[in-house]
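Q: Please take a close look at one part of this structure, the sheet of chain A, and say how the strands are arranged and what packs on them.

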Amino acid sequence: MWDFVNFVKFYEVPHRKMTIKEYHNNLVSKKFSAAEFVSGIFRDIEKENDYLNVFLSLYKEEALLKAKKVDEKLNRGEAIGILEGAPYAVKDNILIKNTKTTAGSKMLENYIAPYDATVIEKLNAEGAIALGKTNLDEFAMGSSTENSAFGPTKNPYDATRVAGGSSGGSAAAVAKNWAVFSLGSDTGGSVRQPASFCGVFGLKPTYGRLSRWGLIAMASSLDQIGIFANCTDDIAIVLKAISGKDELDATSQDKTFNWEGRDFDIKNFLKNIKIGLPAEYLQEGLNPEIKKIVKEKIGKLEQLGVKVLNISLPLTPYALAVYYIIMPAEVSSNLARYDGIKYGYTFSKEQTKDLIDYYMKTRSEGFGTEAKRRILLGTFVLSHGYADKFYLKANEIRNLMIQEFQEAFKQVDIIITPTSPTLPFKIGEKIKDPLSMYLADIYTVSANLAYIPALSVPVGKIGALPVGLQLMGAWWEEEKMLKLSKVIESLRQE
Amino acid sequence: MLNQDQIKHLGLLSRLQITEEESQRLLKDIEKIVAYISRLKEIKTQDKNCFSFKQDYLNVYRDDTGKSLSLETRQDILSQAPQAKGEYFKVKKII
């Protein structure tokens, strides 16, 4: 069998960003072929992936075959869809049938997915091309990708620093132009924070906007699949393709997203939109240079006529505590399935005494330290004598937070905050102190707790390090958020 | 609030084997985290109506009937099992 790759003209992948529309137009105008572009990406990946550790697995042959089919279609003069032939990366906690899906864990090191996640089925129907699976913190637990059983992902802007987490690999893939868009998952900020750290757009949709079928569950009332891309329009295009109700996910709602970045009356939009700036997100602990950039951007929006209100979200200082009760509780439940019986890691060293012994040894060897920590914490907050004080209390406060956001969204349309209180930190800096790592999520967890959509928009750099601005909207208001993001994009000096 | 025995007990409940050394480290970590999450007691919830927000999400129900999987799917699933026999997962003796 001929090695197809050797017969393809190697095309120098432009190191400028390529959006979905640009890629599509280039294919249609035959500026380059899908096979050339995709093989160029793999060539670049092969050079640097061992060093950056972005991808855990690659589908070179399948991707090139799919690219070839798209080229053949174009050569026959047939029309192609906007996502057809578009190369994308997938976080390795999202199932693609017949491929290894590890969740970044020894527990699933050799697990072969028996089905496609619904979002993958949808992207397959659009003709998009999956390039491979990206690195993540084990079972999506972490804010740096350092908890991966397969090593951390390095930040493309500074290899001594983290790419963020838990979807570090997916964020880095888009930042490196190794994918035109990618999928991640966001439970407490795991799409938005790495997007901020890697200088790309990252969306966590409204809870229920799309199906979680095929997403390896971490915390079921908080998880959402999210999107990384190079511009607002691309986020909208992918969201439109993957959103919608799925019978296989009872929490998905009948709210397909329908705006794919069409032009809109910007003047009218700016006249009517109201932005809220919550005091609690600008206090101690926030890097002052990040605060400066946030205020600058808001100042520019005000110059365009946007109304900016100072608001207060008094429960904000408690959000992380609520999260670190509810999330571990759900984790302890969702990770109970990893028992070495139906799939996954098994303890094979010596004879185990009995079934419980087998469970204990399998799970202790299969799970990393952070997973164990969270399972124990979750078990604790659900246990007799503590459940009322912690779990029940956290749920009551979660409801109060939802009410607080609903009140805020009566006054404003979009809430703006920094995405992260810090710049991308050094690899190894926070890994020894779990609580300091948890504090990285302090601005992002509220959106998951309140089920609201949130987007990180890249707004500049401090030195070489990217900074992200977070937009939050009311339930189902992704369109308003994305429109504001387009306005912010137009403010970029370049 | 917590001690090493409690950590080991939590380990038993969640089917995780915790070594002596691990239980010391985990105790320190978890104590610190529990101290942080305990700040929730500062909020009085007894007098607040925690369910007065507009609920958008509906509960979804279905009939309690099973769905038959194709032979291919069943085989895919069973092929992942460390030990299987025919259409059964093999487990250690329970009783």
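A: In this predicted model, 11 strands of chain A form an open sheet in the order β1-β3-β2-β6-β8-β7-β12-β13-β11-β9-β10, with mixed pairing. Strands are DSSP runs (E, at least two residues), helices are runs of H or I of at least four residues, and both are numbered from the N terminus; two strands pair if DSSP finds at least two bridges between them. β1 (55–58) and β10 (307–311) of chain A are the edge strands, each pairing on one side only. From one strand to the next the twist averages 30°. Angles run from 0 to 180 degrees between N-to-C directions, and axes are lines fitted to C-alpha atoms, for helices over the stretch in contact.

Inside the sheet, β7 (residues 201–204) of chain A pairs with β12 (residues 454–462) of chain A in the antiparallel sense, over three bridges. Here A:Gly202 stands opposite A:Ser456 in β12(A). Helix α3 (residues 60–75) of chain A packs on the sheet and touches β1 and β3 (129–134) of chain A. Contact means heavy atoms within 4.5 Å. The direction of α3 makes about 160° with that of β3(A).

Residues are numbered from 1 along each chain as its sequence is written, while chains are lettered from A and ligands numbered from 1 in the order in which they are written. Local features need pLDDT of at least 70, side-chain atom pairs count only at pLDDT 80 or more, totals for chains, interfaces and linings use all residues, and side-chain values use heavy atoms, with hydrogens and water left out.
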